[in-house]
Amino acid sequence: MAAGSLRALRRPDGVSVIGAGESPYTRHPASGTTTDGVLADAVRRALADANIQASEVDGFGACSFTLGPDHAVDLAWRLGLRLRWLMQDTNGGASAGTMLQHAVRAVESGDASVVVLVAGDLMDQQVHLKMVAEYNRATAEQLVPLDMLGPNALFALLTQRQMAAEGLTRTDYGRLAVAQREWASLNPGAVYRQPLTLDDYLNAPMVAEPLGRYDCVPPVTGADAVVVAADERAAGMRRARVLGVSARYNTDDQTGDGLVTGLADCAPELWAAAGRGPADVDVVSVYDDYPAMALAQLKDLGLVAGGELPAFVAERLATRELAVNTSGGQLSAGQPGSAGGMHGLVEVVRQLRGQAGERQVAARLGLFSGYGMVLYRYGACATAGLLEAAG
């Protein structure tokens, strides 16, 4: 039987992310910009980073809100990929973890040897307004008639609940936003890099009380991609070995208060599988569509205990002692549609591979999370992954 056939394959010792790429984010895409164009650009950048030719890719996963009427296979065809493994994910901000979890299993089982994962969107104002109005049937039928266009009002209510439960103030959320802007100032790919002060944050126009302008992610056009392969294939390369990925979907049937995400169920099995704990993590990317959700995820992942959030923000986030969202996060780098979670994964991979430039931290262990797909009141999808520097 020929090399590469199913019989010739053996279970790899480990699976790593060996390349990452990001199609530059922009708030105002040039005329002629397309979703498939930015996705293809991110794929090519990730392959170049991994020193992998397109002809070597035999697995492909894609997530996009705006790729239609095309699908993942159409995009693969346009990229000239001939595949043995293919998936199309629809879970938006949680898609990076979902796709990575499946890609690792595909490589381990021998269903694929080199997998490229990509997420992103063309997100101009017209596209954004259409998407938030038609996000799902619950939104179109229940929220739009109440003049609740978009998720800001929903997360304003959630933030109010979190403030009451945790003793948080707008100053605490502002400290998080300011710290992330300081990280963004060191990231040439962030759309907002200019200094942001706490006074700027507190005096910004209100969007939906208590959310002000700097609590809401700026939609951008862009895409992110990673390349996944067996460790044996990447021998000698700096890589980010995947220690574990965990996911939960619709954990509470939308009957809770939204302050606890599915990550609370993911975290114990993730730490147990990796043999590590929250205190071991050097760099973190959490899904930050709003500051309240960034804090909820840090708590659910075990990096801070309930009742300790205000002190944690002041002592570890505001000081940047704990490296959280070192790209600037979505709050400053931008939210490229469905690639919000993939953005965090790309940043962790860059940190573990020593590619983060001026914002580089000493990182051996990295954690990323994804969150999203607001069914009715809050997100229903949560994913998290733990990676370590190798090579």
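The expected span of a helix is 1.5 Å times one less than its number of residues. That rule opens this set of close-up views, which come from a predicted model.

**View 1. Helix α13, its span and its surroundings.** Helix α13 covers residues 340-352, and for these 13 residues a rise of 1.5 Å a residue leads to an expected span of 18 Å. The end C-alpha atoms of α13 are 19 Å apart, which agrees with that expectation. Look next at how this helix sits in the fold: α13 is mostly covered, with 13 of its 13 residues buried. After α13 comes Gly354, a residue with a positive phi, near 70°.

**View 2. The largest pocket and its lining.** Here we turn to the largest pocket, which holds about 1300 Å³ of space. Its lining is made up of 50 residues, and those closest to the pocket centre are His128, Val217, Pro218, Pro219 and Gln335. Several elements each supply at least two residues of this lining, namely α4 (125-133), α5 (137-143), α6 (152-166), α7 (170-184), α12 (329-333) and β11 (365-374). The largest share belongs to α4, with five residues. By residue type, the lining of the largest pocket divides into 30 nonpolar, 14 polar and six charged residues.

**View 3. Two cis peptide bonds that lead into prolines.** Most residues other than glycine have a negative phi, and most peptide bonds are trans. With that in mind, start at the peptide bond from Gly68 to Pro69, which is cis and has an omega near 10°. Pro69 belongs to the loop between β2 (59-63) and α2 (72-78). The second example joins Glu209 and Pro210, again through a cis peptide bond, and here omega is about 15°. Pro210 is placed in the loop between β5 (206-208) and β6 (211-212).

**View 4. Positive phi at Asn250 and Met373.** Asn250 is not a glycine, and its phi is nevertheless positive, about 50°. This residue is found in the loop between β8 (239-249) and α9 (263-274). Asn250 counts as partly exposed because its relative accessibility is 35%. Met373 is also a residue other than glycine with a positive phi, in this case near 60°. Met373 lies in strand β11, one of the elements that supply at least two residues to the lining of the largest pocket. With a relative accessible area of 18%, Met373 is buried, since buried means under 20%.

**View 5. The salt bridge between Glu56 and Arg233.** Side chains of opposite charge can pair when their charged atoms come close. The count for this model comes to 18 salt bridges, and one of them is formed by Glu56 and Arg233, with the closest N and O atoms 2.9 Å apart. Glu56 lies in the loop between α1 (35-50) and β2, while Arg233 lies in the loop between β7 (221-230) and β8, so the pair ties together parts that are 177 residues apart in sequence. Glu56 is partly exposed at 29% relative accessibility, and Arg233 is partly exposed too, with a relative accessible area of 40%.

**View 6. The salt bridge between Lys299 and Glu166.** In this pair the closest N and O atoms of Lys299 and Glu166 are 2.5 Å apart. Lys299 is in helix α10 (residues 291-300) and Glu166 is in helix α6, so their salt bridge ties together parts that are 133 residues apart in sequence. Which partner is buried and which is partly exposed? Lys299 is partly exposed, at a relative accessible area of 27%, whereas Glu166 is buried, at 12%.

**View 7. The salt bridge between Glu269 and Arg248, and a network.** The side chains of Glu269 and Arg248 meet in a salt bridge, with an N to O distance of 3.0 Å. Glu269 sits in helix α9 and Arg248 in strand β8, so this pair ties together parts that are 21 residues apart in sequence. Glu269 counts as partly exposed at 37% relative accessibility, and Arg248 counts as partly exposed at 24%. To finish, have a look at a linked group: Asp231, Arg239, Arg241, Arg276 and Glu388 form a network of salt bridges.

How values were computed
Residues are numbered from 1 along each chain as its sequence is written. This is a predicted model: local features need pLDDT of at least 70, side-chain atom pairs count only at pLDDT 80 or more; totals for chains, interfaces and linings use all residues. Side-chain values use heavy atoms; hydrogens and water are left out. Helices (H or I, at least four residues) and strands (E, at least two) are DSSP runs, numbered from the N terminus. Buried means under 20% relative accessible area, exposed over 50%, partly exposed in between (1.4 Å probe, protein chains only). On a 1 Å grid over the protein atoms alone, a cavity is a set of points where a 1.4 Å probe fits but cannot get out, and a pocket is an open set with protein on both sides within 12 Å along at least five of seven lines; lining residues have an atom within 4 Å of a point. Grid points are joined across faces, edges and corners, and a volume is the space filled by probe spheres set on the points. Ala, Val, Leu, Ile, Met, Phe, Trp, Tyr, Cys and Pro count as nonpolar, Asp, Glu, Lys and Arg as charged, and the others, Gly among them, as polar. A salt bridge is a side-chain nitrogen of Lys or Arg within 4 Å of a carboxyl oxygen of Asp or Glu.
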